Amino acid sequence: MSVFADFDTIMERLASQRLWDFPGGVRPEGQKALSNKHAIETMPIPQKLFIPLKQHIGVDADLVVKVGDYVKRGQALTESHNPFALPVHASSSGTIIEIAPKASSHPSGIEELTVVIETDGKDDTVQYHPISDYLNQPHSALIEAICKAGISGMGGAGFPTHVKSSNVKPIEFLIINGVECEPYISADDRLMREHAWQIRQGIDILAHLLSPKQVLIAVEDNKPEALKTISIACQQQTNYQVISIPTKYPAGGEKQLIQVLTSREVPSDGLPIDVGCLMYNVGTCYAISDAIIEGKPLTERVVTVTGKALSQPKNIWARIGTPVADCISAAGYDRDRQVNPNIIMGGPMMGFTLRSGQCPIIKTTNCLLAPAAKELPTIEQEKPCIRCSACADACPVSLLPQQLFWYSKSKDYDVAEEYNLFDCIECGACAYVCPSEIPLVHYYRMAKADIRQQQLDKEKSEKARIRFESRKARLLAEKKAREEKHRQAAAARKNAMKSDGSNAKDKIAAALARAKAKKAQQATIDKSANDKSGNDQLASNQSVTNNPEQTPANTKENTPDKNEKIAAAIARAKAKKAQQKMSSDIPLEKSAESNEQVTDNNNNQSGNALSKKEKIAAAVARAKAKKAAQQKNNDS
Amino acid sequence: MPKQKRQLNKKIMTAKSSSSPHHHIQRGTGAVMRIVMFACIPGIALQTFFFGYGILIQVLLAMATAVIAEATILELRKKPVEHALKDCSALVAGLLLAICLPPLAPWWIVVIGTCFAVVIVKQLYGGLGYNLFNPAMAAYVMLLISFPVQMTSWLPPAVLAEQTIGLKDTVYIILTGYTSNGYNLDQLRVAADGLTMATPLDHVKTALTQNLTVEEAINSEIFRGSSGIGWSLVALGYLIGGLALLKLKIINWHIPLSMIMGAVLCASLLYLIDNSIYPGPWFHIVNGSLIVGAFFIATDPVSASTTNNGRLIFGFAIGMWTIIIRTFGNYPDAIAFSVILMNMAVPLIDYYTRPRTYGHKVKAKSISKE
Amino acid sequence: MITYVSYAILAVAVLAVLFGLILGYASIKFKVQSDPLVDQIDNLLPQTQCGQCGYPGCKPYAEAIANGDEINKCPPGGEATIKELADLMGVEAKPLDAAHGVEDVKKVAFIREDECIGCTKCIQACPVDAILGAAKQMHTVIIDECTGCDLCVDPCPVDCIDMIPLAETSQNWKWKFNQSGTGDIPIRTVQ
């Protein structure tokens, strides 16, 4: 049981710039200089925008636009009352030309429902509703505005910001994450350098909402300019403190940053709020300020487009929904000079390779990395683990990756869980240092997915068992009830028999009782045992089919409803017969013939339920054909 | 322009898709093993200087055997040969075995030992990464038990020997058992002052059985002059190599430090009890293969403990066992036995020394009350 | 001499009685209360109630296993279930008995609704009541409840029930190793 430092101790240490450390971590080459030298550029509006409906953790919202609609920038495309759903907005004006599944910006590349907007270049916006005096507004109004602006965490997983901000528990530290520990990425760096004031506005709003005791703004010490500008922006606020964090990957991970700043550890089954902390990315702060002060929904973000395969790596303001291909060609990507074309969304440590150039920029996209041929090493062959435990030394959450690997690979999931597989944050430090080039994180991801699947299956099978058992119980109860009715009826009959002959009245009563009993019995049978009545039907049908010529005549007198039933029955019977014939090796033509016969029969029927009959006939024909084919297969 | 873009899209679509991280440190298993081999060079050089060319020939012989044995067994196991050879793990096993053998041991000793290490201890357990025991040490133990005479026939430091043995004679001895002049090993050994020359550990052990005190034993011929310093310098050579490994982060400090600490503590304790029959800690450190063991052998990643606390226990226990077996056992040196002994305990140690994972066993709430 | 022998015999006898008492006491005192074996087995079975094992449901098969039947007759559970059963029963895991079917991807039943004639036969066949409908009304499958047992397909007189694999979405998508020749490294060329 570890006891963490209390508020005063932490403040004392922070005042003297003494931080804590997290175990492990790696120090890959930063490569930030590639992209952080130039100001953020604004991209021309792309011709088409691909806006996926789902861009964050949470629930899908409902579509409120349709193909052909003209939308303006900032217009909501989806809407939902679910607290975990966020709207998405049109990021420029134009016409919706398609709403269809498109390649998603997800490691799987599986297509997801996407609104395609053909932009008109005017970039008309909807009327924004800024909340300028947010200090006098109720918290709920601000949170609603944040939700309406569609803001989700812009640093990583994309958790809906308004959910995080509706917190009611007391907070000691509001931590603003400007660490950006992953190599290559400089989006937050540039944002802090250029828009420190707006970020501070965002922090002010959050501080107003959450009233923390202290606001900590953490910036890695490889970004001195950003550190300076953000310090200047925050210097008037007494309870804001900008802290320089030693450069080490993954210091920017939520849990790791909390540990570095406060020595506290987020419980493995808990949230940062449990240790009195709440963390926001600087990009999120910027977006919040945009949403409240200017009323602008989240329609663009800073994206680092970098890598040595680009002639001008840089940071850009990219509209949400811009295809990746547009972004990288704006940064001077020349495919023809690439031996091994490969675009990574996110950084080199946690990003994923894109499946298509049409994948759009989404709210969580902070980087597009186009590495040159030899920039990132290609892993050729996994070699045996030599248990050097370099991975354990690098693991920021003190796991034993070599053991996890062993158990994940052998699918020994119980033990893997015992070794805390689910505490893995998939930062990639272990696989980065592995001398045997084992894709460790990949094994963990598979194991996690398998375990989750197993749990789901378990739940489902439990549900199935309950349903199966309740069905059995129901059938049993019905059977018992039926027997009970039978017994009662018999008793009634017996009673009647006993009193038989005494007088006429009794006789009548007995007859009535019998009739009643019979009725009751009939009712039970009808109600409870559909299958019995079905069988009866079938049996009667069978007898009818014995002389098919008479059938039409018979059925004509019947109600149309009955007609249908009988027609269906005939069809079934025919099908059955045909099947039997087939099984005794009668060629296919015959079945076709009988097929026609059925159709003829059906045509003879009164026209009442013609369409239905046709359908049935068609179905029967199909069934027959299928069976015939099967039969043939079996025979041959 | 649109056409170009479409082309671009099409081209990106042929990209490979792989799992993160996409970045990777550029030091593979092979590189690690090569660094280990280079780190042995100072020690081997000094050993050559003091004990003649024997060690060099043994090393070459062992490495050649190791590669051949590894290739053969992989071929038999129908595993890719090339990749496995590139990781150099067999070479390291051969090398480590060779530097522990007497320099003039006959050729078949090293060949049998290396084959045993590679084929039985390593490959039959499933190959690299699966062996329970340290291959070099398991082979050493096997050889020591099977061929005690050959395994304890050390020549005195070259400077002490009356006649220095040249490269040619060394090869002759190792291959045939006789020098080109027809002397055999025993004749060479008694050449100087008629003393049977062995390692200092051997010598002290023998002396103690003859009811001499440690002081008397240490004052004897073998420790005098530059010869006595020879053993210490060899240990120093390996220490330098070992420190280089530490610096390059090939090995962690836990095992070497705790192993030496274990040995020192145990030896000091015995020394305090009776310094006439138990030599002091310094003697134990500079003599025998404690330093090689601490930096090169016990740190073998495959068979050692993998948690930091586990490594401390693992190393400490090896150090302790070494002194105990050296003092009370029948064999003069004990690194191999201790390492094998502790290899067996590794799964247990690892299980009970798992580090506390982030966010586990912590209080859910530690906010100061307000 | 005889006394020595008798002493020895006596001592052994006393020890035997003593240990017998201790063991007997321990077995009562420290008795582990566990689920009946059948329930434990039933917990491991996938509960598809498909009857491919030859028993009318998972529970009956669980009972059969408890009574010594083979553990490799459950295709929906596949190798994973066999492994778990083997662990539980303390027997060697065997490959799936092909006579009872082969392991397949998870599927659910789907009724082509415009072809359904409302005969209720599938409803009666469904072991988990996952089909909704009434006589002469169109039927439909509750996908979340369907176990993919296949039992509704045969009774359908018009063959309007298909078993279709569940579609992969980005929610249920799993990282997987590509089965390429180059080994276990997940490299995939996208066309």
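Okay, let's start with chain C: it has 191 residues, and 36% of them count as buried. Buried here means under 20% relative accessible area, exposed means over 50%, and partly exposed is in between, with a 1.4 Å probe and protein chains only. Before I go on, this is a predicted model, so local features need pLDDT of at least 70 and side-chain atom pairs count only at pLDDT 80 or more, while totals for chains, interfaces and linings use all residues. Residues are numbered from 1 along each chain as its sequence is written, chains are lettered from A and ligands numbered from 1 in the order in which they are written, and side-chain values use heavy atoms, with hydrogens and water left out.

Back to chain C. You'll find 5 helices and 5 strands there, and along the sequence they run α-α-α-α-β-α-β-β-β-β. Helices (H or I, at least four residues) and strands (E, at least two) are DSSP runs, numbered from the N terminus. About 11,200 Å² of chain C is accessible, with 61% of that belonging to carbon and sulfur atoms; these areas come from the Shrake-Rupley method with a 1.4 Å probe, and for residues only the protein chains shown count as cover.

Now the other two chains. Chain A has 636 residues, 54% of them buried, and its secondary structure is 19 helices and 16 strands. Chain B has 370 residues with 55% buried, and there we get 19 helices and 1 strand. As for contacts, meaning heavy atoms within 4.5 Å, take the pairs at least 6 apart in sequence: in chain A, 73% of them join residues at least 24 apart, and in chain B that share is 74%.

So where do chains A and C meet through helices? One place is helix H13 of chain A, residues 440-498, and helix H2 of chain C, residues 37-44, whose axes come within 9 Å and cross at roughly 120°. The axes are lines fitted to C-alpha atoms, for helices over the stretch in contact, and angles run from 0 to 180 degrees between N-to-C directions. Under 35 degrees is roughly parallel, over 145 roughly antiparallel, 65 to 115 roughly perpendicular, and the rest oblique; H13(A) and H2(C) are therefore oblique to each other. On the H13(A) side you have Lys458(A), Glu462(A) and Arg465(A), and they meet Asp42(C), Asn43(C) and Leu44(C) in H2(C).

H13 of chain A also holds a salt bridge. By that I mean a side-chain nitrogen of Lys or Arg within 4 Å of a carboxyl oxygen of Asp or Glu. Arg487(A) and Glu484(A) pair up at 2.8 Å, N to O, and because they are 3 residues apart in helix H13 of chain A, about one helical turn separates them. Elsewhere, shared partners join Arg73(A), Asp123(A), Glu300(A) and Arg319(A) into one salt-bridge network. Over all chains, the count is 42 salt bridges.

Another one sits in helix H4 of chain A, residues 187-210, where Arg200(A) and Asp204(A) are 4 residues apart. Their closest N and O atoms are 2.9 Å apart. Are these two buried or exposed? Arg200(A) is buried at 12% relative accessible area, and Asp204(A) is buried at 11%. Compare Asp69(A) and Lys66(A), bridged at 3.5 Å: Asp69(A) is buried at 19%, whereas Lys66(A) is exposed at 54%.

Staying in chain A, helix H6, residues 254-262, is mostly covered, with 8 of its 9 residues buried. The cover includes helix H1, strands S8, S9, S10 and S11 of chain A. Right after H6(A) comes Ser263(A), with a positive phi near 70°. In S10 itself, residues 240-245, we find Ser244(A), which is partly exposed at 21%. Among its contacts beyond four places in sequence are Gln17(A), Leu19(A) and Val219(A).

Which chain A residues does His23(B) touch? Pro28(A), Pro348(A), Met349(A), Leu376(A), Pro377(A) and Tyr432(A). His23(B) is in the loop between strand S1 and helix H2 of chain B, and at 11% it counts as buried.

Last stop, a surface patch on chain B. Tyr53(B), Leu56(B), Trp107(B), Leu167(B), Val171(B) and Leu175(B) make a nonpolar patch with about 520 Å² of accessible area together. Patches are made of residues with over 30% relative accessible area and no salt bridge, like charges being joined within 9 Å and nonpolar side chains (Val, Leu, Ile, Met, Phe, Trp, Tyr) within 5 Å. Helix H10 of chain B, residues 167-176, gives the most, with 3 residues. Tyr53(B) comes from the loop between helices H3 and H4 of chain B, and it is partly exposed at 36%.
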